[in-house]
Amino acid sequence: PIHPVSTGMNFGYGEFFPAQPGVILNLHGMNRILELNRAERWLRIEAGVSQGQVAEFLKARAPEFGFDLTSWLAESSVVGNALERGRSMFAERERFLIGAKLILASGEVLRTGFDPAARSPVIHGLNLHPLIFQSNLGIVSEGILRLELHKPTRRYFLTGFKNFSDYSSFTEQLDLQPGLRPLRWFCRNSISEAPLPPALRR
């Protein structure tokens, strides 16, 4: 049997070495990012592209888009992780793999899911795309990754003070940016959900 691997770095979702003797087809060299479509928010990549590559590419070429990473290695394959139904930080990776190009055992090329050539996100008729996940239908050589626009970021931090005068001094030194304000303030062992009093805000 033929055992295709992408980067061999998706530990926990399959091994680099096959369970039985066979031919290892290493797709690590297929590591090109082929096409970015800003209007339709998708990225076409080869099977050996790592999540580190995608992150660096978007940072340099399309910083308006975000990419849901896993907590694993930067060298792990995006397509390989999705095919094994790996999980990214916020959702299953298969949700972001909206299309694929497969090489069947017969040598035929099959596209599933979204087809860039059709220029339409609508899939008409029979949809074979779900069959590519955790299966041996064919060798996936390309994947189409759905991108999302960056969303506003909300960050929190917690600190404590012995008395209220220390807190007042702290807020005076804190350079509050537009749109940023403490959501909670602590005074005399009580917690208030109200914004800071005007006297404590610059």
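Which residue forms a salt bridge with Glu142 where the closest N and O atoms are 3.8 Å apart, with an Arg as the partner? Arg111 is the one, and we'll come back to that pair in View 3. One thing to keep in mind as you look around: this is a predicted model.

**View 1. The whole chain, before zooming in.** Let's start with the parts list: 3 helices and 11 strands. If you walk along the sequence, you meet them as β-β-β-β-α-β-α-β-β-β-β-α-β-β. The chain has 202 residues, and 32% of them count as buried. About 13,200 Å² of surface is accessible, with carbon and sulfur atoms contributing 55% of that. Now take the contacts with a separation of 6 or more: 52% of them join residues 24 or more positions apart.

**View 2. An open sheet of 5 strands.** Here the strands line up in the order 3-4-8-6-7, and the pairing is antiparallel. Strand 3 (33–37) and strand 7 (109–113) are the edge strands, each pairing on one side only. On average, neighbouring strands in this sheet are turned by 15 degrees against each other, direction ignored. Helix 1, made of residues 51–61, lies across strand 3, strand 4 (42–46) and strand 8. Its direction is about 45 degrees to that of strand 3.

**View 3. Glu142 and its charged partners.** Side chains of opposite charge can pair when their charged atoms come close. Start with Arg44, whose side chain meets that of Glu142 in a salt bridge at 3.0 Å, N to O. Arg44 sits in strand 4 and Glu142 in strand 8, so this pair links distant parts of the chain, 98 residues apart. Are these two residues buried or exposed? Both residues fall under the 20% cut-off for buried: Arg44 has 17% relative accessibility, and Glu142 has 9%.

Next comes Lys101, which forms a salt bridge with Glu142, the closest N and O atoms being 3.8 Å apart. Because Lys101 belongs to strand 6 and Glu142 to strand 8, the pair ties together parts that are 41 residues apart in sequence. Then there's Arg111, from our opening question, also with 3.8 Å between the closest N and O atoms of the pair. Arg111 is in strand 7, so its salt bridge with Glu142 ties together parts 31 residues apart in sequence. Arg111 itself is partly exposed, at 36% relative accessible area. Add Glu35 to Arg44, Lys101, Arg111 and Glu142, and you have a network of salt bridges. For the count overall, there are 7 salt bridges.

**View 4. Strand 6 and the strands it pairs with.** Strand 6 (residues 97–103) pairs with strand 8 (residues 139–146) in the antiparallel sense, over 6 bridges. Look for Lys101 standing opposite Glu142, and for Ile103 standing opposite Ile139. Strand 6 is also joined to strand 7 by 5 bridges, again antiparallel. In strand 7, Val109 is the bridge partner of Ile103. Strands 6 and 7 form a hairpin with 5 residues between them. Gly107, in the turn, has a positive phi of about 95 degrees.

**View 5. Two loop residues with a positive phi.** Most residues other than glycine have a negative phi. Which way does Arg41 go, positive or negative? Arg41 isn't a glycine, yet its phi is positive, about 60 degrees. You'll find Arg41 in the loop between strand 3 and strand 4, partly exposed with a relative accessible area of 37%. Gln134 isn't a glycine either, and it has a positive phi of about 50 degrees. Look for Gln134 in the loop between strand 7 and strand 8.

**View 6. Leu27, a buried loop residue.** Leu27 lies in the loop between strand 2 (23–26) and strand 3. Its relative accessible area is 10%, so Leu27 counts as buried. What touches it, leaving aside neighbours within four places in sequence? Leu27 is in contact with Val5, Ser6, Ala47, Gly48, Ile139 and Val140. Gly8 is 19 residues away from Leu27 in sequence, and the C-alpha to C-alpha distance is 9.3 Å.

**View 7. A nonpolar patch on the surface.** Ile2, Val23 and Leu25 make a nonpolar surface patch of about 270 Å². Ile2 belongs to strand 1 (residues 2–5). With 56% relative accessibility, Ile2 counts as exposed.

Notes
Residues are numbered from 1 along each chain as its sequence is written. This is a predicted model: local features need pLDDT of at least 70, side-chain atom pairs count only at pLDDT 80 or more; totals for chains, interfaces and linings use all residues. Side-chain values use heavy atoms; hydrogens and water are left out. Helices (H or I, at least four residues) and strands (E, at least two) are DSSP runs, numbered from the N terminus. Buried means under 20% relative accessible area, exposed over 50%, partly exposed in between (1.4 Å probe, protein chains only). Contact means heavy atoms within 4.5 Å. Accessible areas come from the Shrake-Rupley method with a 1.4 Å probe; for residues, only the protein chains shown count as cover. Two strands pair if DSSP finds at least two bridges between them. Axes are lines fitted to C-alpha atoms, for helices over the stretch in contact, and angles run from 0 to 180 degrees between N-to-C directions. Patches are made of residues with over 30% relative accessible area and no salt bridge: like charges are joined within 9 Å, nonpolar side chains (Val, Leu, Ile, Met, Phe, Trp, Tyr) within 5 Å. A salt bridge is a side-chain nitrogen of Lys or Arg within 4 Å of a carboxyl oxygen of Asp or Glu.
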